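Colleague: Got a minute to walk me through this one? I'd like to go over how the pieces are put together.

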Amino acid sequence: MIDEKGLRTDGRRPNELRPIKMEVGVLSNADGSAYIEQGKSKVLAAVYGPRELHPRHLALPDRAILRCRYHMAPFSVEERKSPAPSRREIELSKVIREALEPAIFLEKFPRTSIDIFIEVLQADGGTRCAGTTAAALALADAGIPMRDLVAACAAGKVDGVLVLDLNDIEDKEGEADMPVSYMPNLGLISLLQMDGSLTFEEFKQVLNLALEGCKQIYKLQKEALKAKYVAIKEEVETCLQS
Ligand code: CDP
């Protein structure tokens with residue numbers, strides 16, 4: 001998994017992220033949306049709300065409820081995945097919701113719901129993190145007031161080497177995988193899971209590596225949000241000139 005030059009299966013150095021592309025406002029029928037490509041993983045997120053809640057008995061008098069569905073398309077993995085929600089997808093929907101919840105001013109929208117749909121189009125590891133990153137962008141794109149963006153990234157251990165942003169094979173063959181989500185302005189970690197085993201020293205180093213990855217992703221998120229408004233401004237200017 002690590003060659004004699006210390007490079008990984010896809011040629012990356014241990015502390016290097018995969019190439020990342022992000023775009024905001026990609027779906028016209030959702031209130032907010034975002035698309036992310038992280039290496040070969042491709043994930044779409046759509047947000048609706050705050051909107052009237054059905055069934056109504058779920059409504060809370062003092063805040064909005066946040067609902068999240070993480071779903072893998074049947075064609076997103078090598079072996080066709082059943083479209084029905086798996087145990088894993090139910091778990092990931094829950095942890096992603098919990099990762100995003102502290103970022104949103106839910107108390108501003110009592111008796112409503114904010115709904116997030118995450119669709120994995122192609123999976124090559126790290127999809128819960130890519131889904132969280134895209135969902136945070138989609139929430140911002142929907143104009144939902146937020147305390148901070150949420151950036152997510154995994155780090156772990158492969159062939160005895162601590163590595164950032166594991167791909168599918170590194171996730172499956174490696175010794176440990178730790179997905180983390182982080183809100184840099186608030187200094188808050190809202191997701192921390194770990195698969196595999198690490199010494200306490202390694203745990204601290206892997207966590208720091210993941211946080212560094214989150215900070216890089218956070219910068220890209222802000223650029224993606226700005227890019228949308230630059231495009232709108234240019235469009236308006238062209239309209240005014242003609
Ligand atoms: O995607 P993430 O790393 O957040 O979650 P995981 O449960 O650790 O899954 C790692 C990878 O396994 C996924 O990204 C997919 O590439 C792959 N996988 C798969 O091939 N078939 C599934 N039914 C589920 C996951």
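Modeller: Sure, and keep in mind that this is a predicted model. Let's begin with a helix pair: α1 passes α2 in a right-handed crossing.

Colleague: What kind of residues make up the contact of α1 with α2: nonpolar, polar or charged?

Modeller: From α1 you get R88, E91, L92, I96, A99 and L100, and they meet T127, R128, T132, A135, A136 and L139 in α2. Three of the residues in this contact are charged and two are polar. The other group is the nonpolar one, with seven.

Colleague: And how are α1 and α2 oriented to each other: parallel, perpendicular or oblique?

Modeller: Two packed helices are described by the angle between their axes and the distance between the axes. Here the axes of α1 (residues 87-100) and α2 come within 10 Å, and they cross at roughly 45 degrees. Angles under 35 degrees would count as roughly parallel, and 65 to 115 as roughly perpendicular. The crossing is therefore oblique.

Colleague: On to the sheet. Which strands are at its edges?

Modeller: It's an open sheet of five strands with mixed pairing, in the order β1-β2-β3-β5-β4. An edge strand pairs on one side only, and that applies to β1 (20-24) and β4 (65-72). The twist from one strand to the next averages 15 degrees. So the edge strands are β1 and β4.

Colleague: Which strands does helix α2 touch, and what angle does its direction make with that of β2?

Modeller: Helix α2 spans residues 127-141 and packs on the sheet. It touches β1, β2, β3, β4 and β5. With the direction of β2, that of α2 makes about 150 degrees.

Colleague: Helix α4 packs on the sheet too, so to speak; which strands does α4 touch?

Modeller: α4 covers residues 200-241, and its direction makes about 40 degrees with that of β1. One residue in α4 is L220, which is in contact with I20 and M22, leaving aside neighbours within four places in sequence. As a whole, the strands α4 touches are β1 and β2.

Colleague: Is L220 buried, partly exposed or exposed?

Modeller: Buried needs a relative accessible area under 20%, and exposed needs over 50%. L220 has 28%, which makes it partly exposed.  In space, its C-alpha is 9.5 Å from that of A151, 69 residues apart in sequence. The class for L220 is thus partly exposed.

Colleague: How many residues of β2 are buried?

Modeller: In a regular strand the side chains alternate between the two faces of the sheet. In β2, G32, A34, I36 and Q38 point one way, S33, Y35 and E37 point the other way, and all are buried. The strand is mostly covered, with the buried count at seven of seven.

Colleague: How does β2 pair with β1 and β3: parallel or antiparallel?

Modeller: Five bridges join β1 to β2, with I20 standing opposite Q38. Seven bridges link β2 and β3, and I36 has V43 as its bridge partner there. β2 and β3 also form a hairpin with two residues between them, where G39 in the turn has a positive phi of about 60 degrees. Both pairings are antiparallel.

Colleague: What about β4 and β5: which residue is the bridge partner of L66?

Modeller: β4 and β5 (residues 112-122) run parallel and are joined by eight bridges. In β5, the partner of L66 is I114.

Colleague: Is C68 buried or exposed?

Modeller: C68 is in strand β4 and touches S93, I96, R97, I116 and I118, not counting residues up to four places away in sequence. Its relative accessible area is 14%, and the cut-off is 20%, so C68 is buried.

Colleague: Any backbone oddities? Where are the cis peptide bonds of P50 and P55?

Modeller: One joins G49 and P50, with omega at about 0 degrees, and P50 is found in strand β3. The other has omega near -5 degrees and runs from H54 to P55. P55 lies in the loop between β3 and β4.

Colleague: D159 and D165 have positive phi; which class of burial does each fall in?

Modeller: D159, with phi of about 50 degrees, is in the loop between β6 and β7. D165, at about 55 degrees, is in the loop between β7 and α3. At 45% relative accessibility D159 is partly exposed, while at 2% D165 is buried.

Notes
Residues numbered from 1 in each chain as written. Predicted model: local features only at pLDDT ≥ 70, side-chain atom pairs only at ≥ 80, totals over all residues. Heavy atoms only, no water. Pairing = 2+ DSSP bridges. Helix = DSSP H or I, 4+ residues; strand = E, 2+ residues; numbered from the N terminus. Axes fitted to C-alpha atoms, helices over the stretch in contact; angles between N-to-C directions. Contact = heavy atoms within 4.5 Å. Buried < 20%, exposed > 50% of the residue type's maximum accessible area, 1.4 Å probe, protein only. Parallel < 35°, antiparallel > 145°, perpendicular 65-115°, else oblique. Left-handed = near helix turned anticlockwise from the far one by under 90°. Nonpolar A, V, L, I, M, F, W, Y, C, P; charged D, E, K, R; others polar.
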